[in-house]
Amino acid sequence: MTGLSFRDMIRQVLHTGLANNAFFDLDGVLTTECCYNEPDVASYQELVDHHRDSAYWAHLHHGPPYLLPTRKVLGVVTGRMEFYRGPTQQWLIRQGIWSLLPMQMSKHQRPGARPRREEPNNTAHEKAAAYAAVEAALLFVESKRWQAIQIHEITGKPVLCTHDLRLYGEWPV
């Protein structure tokens with residue numbers, strides 16, 4: 001266990017070279033947690049029509065930043081569906097967040113399928129797979145406690161959880 005406080009750990013991962021070796025969750029870490037559900041719609045046009053005035057669409061485009069790194073990060077791994085890549089990438093660019101690896105989105109949506117989750121939520125396993133696959137990855141910053149625990153258990157690597165302000169595993173530096 002480290003002698004660092006949670007605040008000091010966050011400061012190190014956001015503002016030192018450790019960011020280059022860290023994966024970041026999006027909602028609840030880089031931006032505030034979105035409290036709106038993705039809609040269940042049948043077509044792209046229906047999705048556009050639904051989102052025109054929706055709070056979820058507004059959050060995708062204009063969600064407030066939460067914890068913003070001042071260094072380039074290793075990667076962003078999110079449970080957002082691939083369908084939302086465009087507005088998500090635009091939001092990251094507007095916030096000045098750059099990653100060394102391409103952003104990894106949820107694989108819940110099959111290519112060409114209607115824009116909704118068609119499989120059980122397996123986000124923690126997808127995040128863990130991305131984290132485990134990169135040897136240079138020393139830390140994952142996750143917002144949800146249950147996902148932080150699963151990611152740590154699957155990878156054996158440290159996970160810093162913003163929900164319960166806890167480090168799962170040993171501090172990497």
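Helices here are DSSP runs of H or I with at least four residues, strands are runs of E with at least two, and both are numbered from the N terminus. The model is a predicted one, in which local features need pLDDT of at least 70, side-chain atom pairs count only at pLDDT 80 or more, and totals for chains, interfaces and linings use all residues. Residues are numbered from 1 along each chain as its sequence is written, and side-chain values use heavy atoms, with hydrogens and water left out.

**Exercise 1. Work out the order of the elements in the protein.**

Step 1: Count them up. You should get six helices and six strands.

Step 2: Walk along from the N terminus, and the elements read α-β-α-α-β-α-β-α-β-α-β-β.

Step 3: Now look at contacts, meaning heavy atoms within 4.5 Å. Among those between residues at least 6 apart in sequence, 66% join residues at least 24 apart.

Step 4: Check burial, where buried means under 20% relative accessible area, exposed means over 50%, and partly exposed is in between (1.4 Å probe, protein chains only). Of the 173 residues, 46% count as buried.

**Exercise 2. Which residues of helix α1 are buried, and what covers them?**

Step 1: Go through residues 6–15 and pick out Phe 6, Met 9, Ile 10, Val 13 and Leu 14 as the buried ones.

Step 2: Look down the axis, taking the arc from the directions that run from the helix axis to the C-beta atoms. The buried residues of α1 fall within an arc of 125°, so they line one face of the helix.

Step 3: Find the cover, which includes β1, β4, β5 and β6.

**Exercise 3. Do the job again for α6, then look just past its end.**

Step 1: In residues 145–155, the buried set is Gln 147, Ala 148, Ile 151 and Thr 155.

Step 2: These residues span an arc of only 105° around the axis, which puts them on the same side of α6.

Step 3: Their packing partners are α5, β4 (139–142), β5 and β6.

Step 4: Just after α6 comes Gly 156, with a positive phi of about 75°.

**Exercise 4. How many residues of α5 are buried, and what do they pack against?**

Step 1: Seven of its 10 residues are buried, so α5 is largely enclosed by the rest of the structure.

Step 2: Name them: Thr 123, Ala 124, Glu 126, Lys 127, Ala 128, Ala 130 and Tyr 131.

Step 3: The buried residues of α5 pack against β1 (22–24), β2, β3, β4, α6 and β5.

Step 4: Carry on into the loop between α5 and β4, where you'll meet Glu 135. Glu 135 counts as exposed because its relative accessibility is 78%. From Glu 135 to Asn 21 is 114 residues in sequence but 9.3 Å in space, C-alpha to C-alpha.

**Exercise 5. Take apart the lining of the largest cavity.**

Step 1: Set the terms. On a 1 Å grid over the protein atoms alone, a cavity is a set of points where a 1.4 Å probe fits but cannot get out, a pocket is an open set with protein on both sides within 12 Å along at least five of seven lines, and lining residues have an atom within 4 Å of a point.

Step 2: Of the 10 lining residues, Val 77, Thr 78, Gln 104, Met 105 and Glu 126 lie nearest the centre.

Step 3: Sort by element. Those giving two or more residues are β2 (75–81), β3 (104–106) and α5 (123–132), and α5 gives the most, with four.

**Exercise 6. Compare two residues in the loop between β5 and β6: is each one buried or exposed?**

Step 1: Thr 162 sits in this loop, between β5 (159–161) and β6 (166–168). Thr 162 counts as buried because its relative accessibility is 10%.

Step 2: The Thr 162 side chain reaches the backbone oxygen of Gly 28 at 3.1 Å. Leaving out residues up to four places away in sequence, Thr 162 touches several others, including Phe 6, Ile 10, Val 29 and Leu 67.

Step 3: Leu 165 is in the loop between β5 and β6 too, but at 53% relative accessibility it counts as exposed.

Step 4: Look at the backbone. Most residues other than glycine have a negative phi. Leu 165 has a positive one, near 55°.

Definitions and conventions
A polar contact is a pair of N or O atoms within 3.5 Å; within protein, one must be able to donate a hydrogen and the other to accept it, and residues adjacent in sequence count only if both atoms are side-chain atoms.
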